Amino acid sequence: MKHAIKQRGFTLIELLVVVAIMGVFMGLVAISNRPSRKTQLRQAAQSVASLVIATQSNALESDVGSALWISDDGIYDANPQQNDRRALASVSNVQATTCQLNGLTVPPDACRVRFVSNTSDTQPPSPWFDINVNTRIASFQTPAQTQYNTIWPARFYSNPVAPQCDAEFDLEPLRAGLAYQWPKLAKIDWRYSGVGSTGSLPADAVVVFERGGKIEAYFTGMSSSVSYMPAMSTLYLCVAHAPDVDGGAATLASEDTVWVAIEPNTGRASLGWNVPTALNNISTPTSTELAGARANVVAGRGLAN
């Protein structure tokens, strides 16, 4: 007589226990693979440095150069606008550092102007001047330069009533496509970012490379009052924990904060961890506090850990 073999399967409770264990396991794996705050900040800073290199490479292949637009909502490619040339009727009120342009409409998005002969292509242009689009007043960009040590196109200064030259304007860059979206935990802290050892930035920064690959200029405040600065000093960007930035915390006192330093002559971008800095005023650091924090990047403090 043959006995029937009774096959026993899994009960519902056993299946639920297995599924629960697998869920816990997968959750632990996901948590372990999730980038930490420090990792996200480092990766964001490295992305900024990579985009600086790519922008410099693009400038080498362009007649007008290339630009990178850094903002709160991401990093964008940008298009420099150059050589908007207009006939200059006359110049008045020539002083040691300024002069007023007459007989032409200054483009509303002009950031600087220089004077070019309209009778000869061999005459060198004047240096670049800052321009006030409302008053049409041009002023030297550096205090050391004046009307007395500047080479002008023929008849510009000797006969400003009939200068026989054109005004050539550079215009503000235009923002193009999104190149990088900030990760959830990373953001630029504009309170501590700036040009030079102590300079500050209001918000947004556009880095413009000239055709030869050298950084030509910085533009800041692109969402409001645009400022133009010749690229003569290092640009420092403070990449910090986004919730801390939004909450007004002192990210300059955090060891997780990462610095990006962009050199104007070479376009080289250096990275360094922040050395925690105690602040007397969180929103308005002193020049000594800023200089000390940025000096560590200059000294080559790297991202080894």
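1. The largest nonpolar core, a set of buried Ala, Val, Leu, Ile, Met, Phe, Trp, Tyr and Cys residues joined through side-chain atoms within 4.5 Å, has 33 residues, of which Ile 75, Trp 182, Trp 190, Leu 235, Leu 237, Val 239 and Val 260 touch the most other members. Helix H2 gives the most to this core, with 8 residues. Apart from this core lies another, of 19 residues, among them Cys 99, Leu 104, Ala 138 and Trp 152.

2. This is a predicted model, in which local features need pLDDT of at least 70 and side-chain atom pairs count only at pLDDT 80 or more, while totals for chains, interfaces and linings use all residues. Residues are numbered from 1 along each chain as its sequence is written, and side-chain values use heavy atoms, with hydrogens and water left out.

3. Ile 75 is in contact (heavy atoms within 4.5 Å) with residues including Val 48, Leu 51, Leu 68 and Trp 182, leaving aside neighbours within four places in sequence.

4. Thr 55 lies in helix H2, residues 37–60 (a DSSP run of H or I, at least four residues, numbered from the N terminus). Thr 55 counts as buried because its relative accessibility is 2%, buried meaning under 20% relative accessible area with a 1.4 Å probe and protein chains only. The side chain of Thr 55 reaches the backbone oxygen of Leu 51 at 2.7 Å.

5. A search of the whole structure finds 0 disulfides, a disulfide being a pair of cysteine sulfur atoms within 2.5 Å. For Cys 165, the nearest cysteine sulfur is that of Cys 99, 9.5 Å away.

Note on methods: Helices (H or I, at least four residues) and strands (E, at least two) are DSSP runs, numbered from the N terminus. Buried means under 20% relative accessible area, exposed over 50%, partly exposed in between (1.4 Å probe, protein chains only). A polar contact is a pair of N or O atoms within 3.5 Å; within protein, one must be able to donate a hydrogen and the other to accept it, and residues adjacent in sequence count only if both atoms are side-chain atoms.
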